[in-house]
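Thanks for coming, everyone. Let me put the model up and walk you through the two ligands.

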Amino acid sequence: MTVAIDGPSGSGKSSVSKGVARRLGLAYLDTGAMYRAATWWCLHRGEDLADQDAVAHAVRVMPLVMGLDPSGPTVHVDGTDVGEAIRSTEISTAVSAVATNLAVRAELRRLQRAAIEAERTPAGFAGGRGVVAEGRDITTVVAPDADVRVLLTASEEARLARRSLDVHGTADAAAVEATKDQVLRRDRDDATVSQFHVAADGVVTVDSSDLDLEQTIDAVLSVVEQVTGRVVGPRQGS
Ligand SMILES: Nc1ncnc2c1ncn2[C@@H]1O[C@H](COP(=O)(O)OP(=O)(O)O)[C@@H](O)[C@H]1O
Ligand SMILES: Nc1ccn([C@H]2C[C@H](O)[C@@H](COP(=O)(O)OP(=O)(O)O)O2)c(=O)n1
């Protein structure tokens with residue numbers, strides 16, 4: 001089974017996708033982490049992010065290894081664990097410059113499709129059971145043929161408050177203001193190359209504004225049940 005989840009920054013894609021993958025026994029592919037890793041790699045090599053050809057070349061030779069365990073996803077570039085570094089404000093600020101490079105998108109799309117395909121085989125992380133892949137263009141471009149396609153949304157206010165809590169440990173007015181660039185400006189830039197604000201045909205919208213994390217995971221699992229007819233068991237311990 002392939003489950004594709006897209007949405008804007010702070011809508012809960014990563015947390016929800018990990019939870020859904022754990023409940024279904026599937027692998028988890030964080031495509032945003034791949035764009036972040038590409039940005040880390042280009043900065044590490046001293047590339048000028050405005051030089052489209054140099055950035056595209058760097059990404060084509062990037063030795064990227066994604067770990068797809070939803071309980072502990074990993075990202076390594078050239079043997080370095082970059083899992084933490086790619087969440088820094090420096091990378092969050094710069095990543096859209098790399099993600100709007102169309103040659104970079106073509107290369108990462110190729111790697112993402114290969115990773116999703118590998119999860120259909122016994123050699124995959126989940127032994128061929130499948131994958132939950134999340135990002136901005138998974139439902140529309142990378143895997144439009146996915147069994148389940150979800151657009152995860154949340155109000156601007158909820159998304160800013162969540163990201164502010166994650167980055168600054170508080171959602172007071174100053175912290176929310178300081179988070180606007182890496183949520184709203186980034187979404188504006190990213191929206192020039194992907195369409196993740198309105199559900200495409202056949203994509204089911206889940207609005208998480210008034211739901212907590214577990215409720216949102218349950219809402220996505222309900223979509224899985226409706227679309228595939230598969231019955232998802234109750235949460236462990238409930
Ligand atoms: N209903 C909800 N759904 C998902 N995440 C939520 C929800 N409410 C609060 N959160 C929190 O908001 C943050 C969402 O971040 P994340 O999953 O990284 O979103 P995204 O990948 O879309 O940017 C996490 O810290 C998560 O625990
Ligand atoms: N499929 C994707 C996934 C992410 N991106 C871009 C857009 C984002 O600015 C960056 C980082 O994505 P990520 O999902 O980590 O962003 P969040 O901070 O979780 O909202 O990558 C993309 O263009 N296409």
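Start at Lys13. An N or O atom in its side chain is 2.8 Å from an oxygen atom of ligand 1. Keep in mind that this is a predicted model. Asp166 makes a contact of that kind too: an N or O atom in its side chain is 2.8 Å from an oxygen atom of ligand 1. Now look at Asp212. Here a polar backbone atom is involved, and it is 3.3 Å from a nitrogen atom of ligand 1.

How much of ligand 1 does the protein bury? On its own, ligand 1 exposes 560 Å², and the protein buries 80% of that.

Where does ligand 1 sit? In the largest pocket. Three helices each give two or more residues to its shell: H1 (13-24), H7 (156-168) and H9 (213-228). H1 gives the most, with 4 residues.

The whole shell of ligand 1 is 17 residues. Lys13, Ser15, Arg163, Asp166 and Leu211 come nearest. By type, the shell divides into 4 nonpolar, 8 polar and 5 charged residues.

Next, the record. UniProt, in an unreviewed entry, places a "binding site" feature at Gly7, Pro8, Ser9, Gly10, Ser11, Gly12, Lys13, Ser14 and Ser15. Which of these line the largest pocket? From this set, the lining takes in Ser9, Gly10, Ser11, Gly12, Lys13, Ser14 and Ser15. To place one of them on the fold, take Ser9. Ser9 is in the loop between strand E1 (2-6) and H1.

The unreviewed UniProt entry also carries a domain annotation, "Cytidylate kinase", covering residues 3-225. Over residues 3-225 the chain is 50% helix and 15% strand. The end C-alpha atoms of that stretch are 12 Å apart.

On to ligand 2. Which residues come nearest to ligand 2? Of the 19 around it, they are Arg36, Arg105, Asp137, Arg186 and Asp190.

Three contacts to show you here. Asp190 has a polar side-chain atom 2.6 Å from an oxygen atom of ligand 2. Arg186 has a polar side-chain atom 2.8 Å from an oxygen atom of ligand 2. Thr31 has a polar side-chain atom 3.0 Å from a nitrogen atom of ligand 2.

Now the burial. Taken alone, ligand 2 exposes 530 Å². The protein buries 97% of that.

Ligand 2 also has its seat in the largest pocket. Which elements give two or more residues to its shell? They are helix H2 (31-44), helix H4 (89-99) and helix H8 (173-190). The largest share, 4 residues, comes from H2.

What is the shell around ligand 2 made of? It divides into 4 nonpolar, 6 polar and 9 charged residues.

To recap. Ligand 1 sits in the largest pocket, and H1 gives the most to its shell. Ligand 2 sits in the largest pocket, and H2 supplies the largest share of its shell. The protein buries 80% of the exposed area of ligand 1 and 97% of that of ligand 2. That's it from me.

Notes
Residues numbered from 1 in each chain as written. Chains lettered and ligands numbered in written order. Predicted model: local features only at pLDDT ≥ 70, side-chain atom pairs only at ≥ 80, totals over all residues. Heavy atoms only, no water. Near = heavy atom within 4 Å. Polar contact = N/O pair within 3.5 Å; in protein donor to acceptor, adjacent residues only side chain to side chain. Areas by Shrake-Rupley, 256 points an atom, 1.4 Å probe, with all protein chains shown as cover. 1 Å grid on protein atoms, 1.4 Å probe; cavity = no way out; pocket = protein on both sides within 12 Å on 5 of 7 lines; lining within 4 Å. Sits in = over half its atoms within 2 Å of the grid points. Nonpolar A, V, L, I, M, F, W, Y, C, P; charged D, E, K, R; others polar. UniProt positions renumbered as here; feature names shortened; annotations may be inferred.
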